[in-house]
Amino acid sequence: MSGSAEPVPLCASGDLAERGRAVLFDVLEYGRPTRAFALRFDGRVVAYLNRCAHVPVEMDWQPGQFLDADHEVILCSIHGASYAPATGRCVGGPCGRGRLTPVPVLERDGEVCWYPSRDIRPAFGP
């Protein structure tokens with residue numbers, strides 16, 4: 001995944017329904033608190049920082065609700081920027097050629113974990 005970083009448990013696999021509500025979690029990006037989210041799309045868990053590439057605001061229109069009405073794209077509730085869930089790349093709206101910041105995740109043995117990086121660390125340490 002990301003080198004020697006220890007995985008951080010996030011949730012049980014069953015907590016992420018296909019194209020359903022995301023699980024929100026707190027992280028530090030460059031030492032600043034921010035939120036991230038994980039959701040299941042086409043059978044795969046993906047995670048991103050909860051920050052639009054257009055304007056750095058949280059995107060969910062209700063806590064954990066990121067997908068549009070058709071459950072096809074991640075939609076920023078503020079300005080309507082839309083992103084491909086599998087890649088985080090902008091597919092419409094004011095985000096231009098931007099993309100969401102990914103958070104590496106792994107699903108194994110009924111559990112979802114995320115992997116800290118040099119830039120994105122757990123918000124709560126030992």
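The following exchange asks how several descriptions of this predicted model are justified.

Modeller: This is a predicted model, in which local features need pLDDT of at least 70 and side-chain atom pairs count only at pLDDT 80 or more, while totals for chains, interfaces and linings use all residues. Residues are numbered from 1 along each chain as its sequence is written, and side-chain values use heavy atoms, with hydrogens and water left out.

Biologist: How many helices and strands does the chain have?

Modeller: The chain has 0 helices and 10 strands, where helices (H or I, at least four residues) and strands (E, at least two) are DSSP runs numbered from the N terminus.

Biologist: What makes the radius of gyration agree with that of a compact globule?

Modeller: The rule, 2.2 Å times the number of residues to the power 0.38, with the radius taken over C-alpha atoms, puts a globule of 126 residues near 14 Å, and the chain has 14 Å, so the two agree.

Biologist: Which strands stand at the edges of the sheet β5-β6-β7, and why?

Modeller: Strands pair if DSSP finds at least two bridges between them, and here 3 strands form an open sheet with antiparallel pairing. β5 (74-75) and β7 (90-92) each have a single partner strand, so one side of each lacks a neighbour in the sheet.

Biologist: How do you know that β6 pairs with β7?

Modeller: 2 bridges join β6 (residues 82-83) to β7, which satisfies the requirement of at least two; S82 stands opposite G92 in β7.

Biologist: What share of the residues is called buried?

Modeller: Buried residues, those under 20% relative accessible area with a 1.4 Å probe and protein chains only, make up 40% of the 126 residues.

Methods
Buried means under 20% relative accessible area, exposed over 50%, partly exposed in between (1.4 Å probe, protein chains only).
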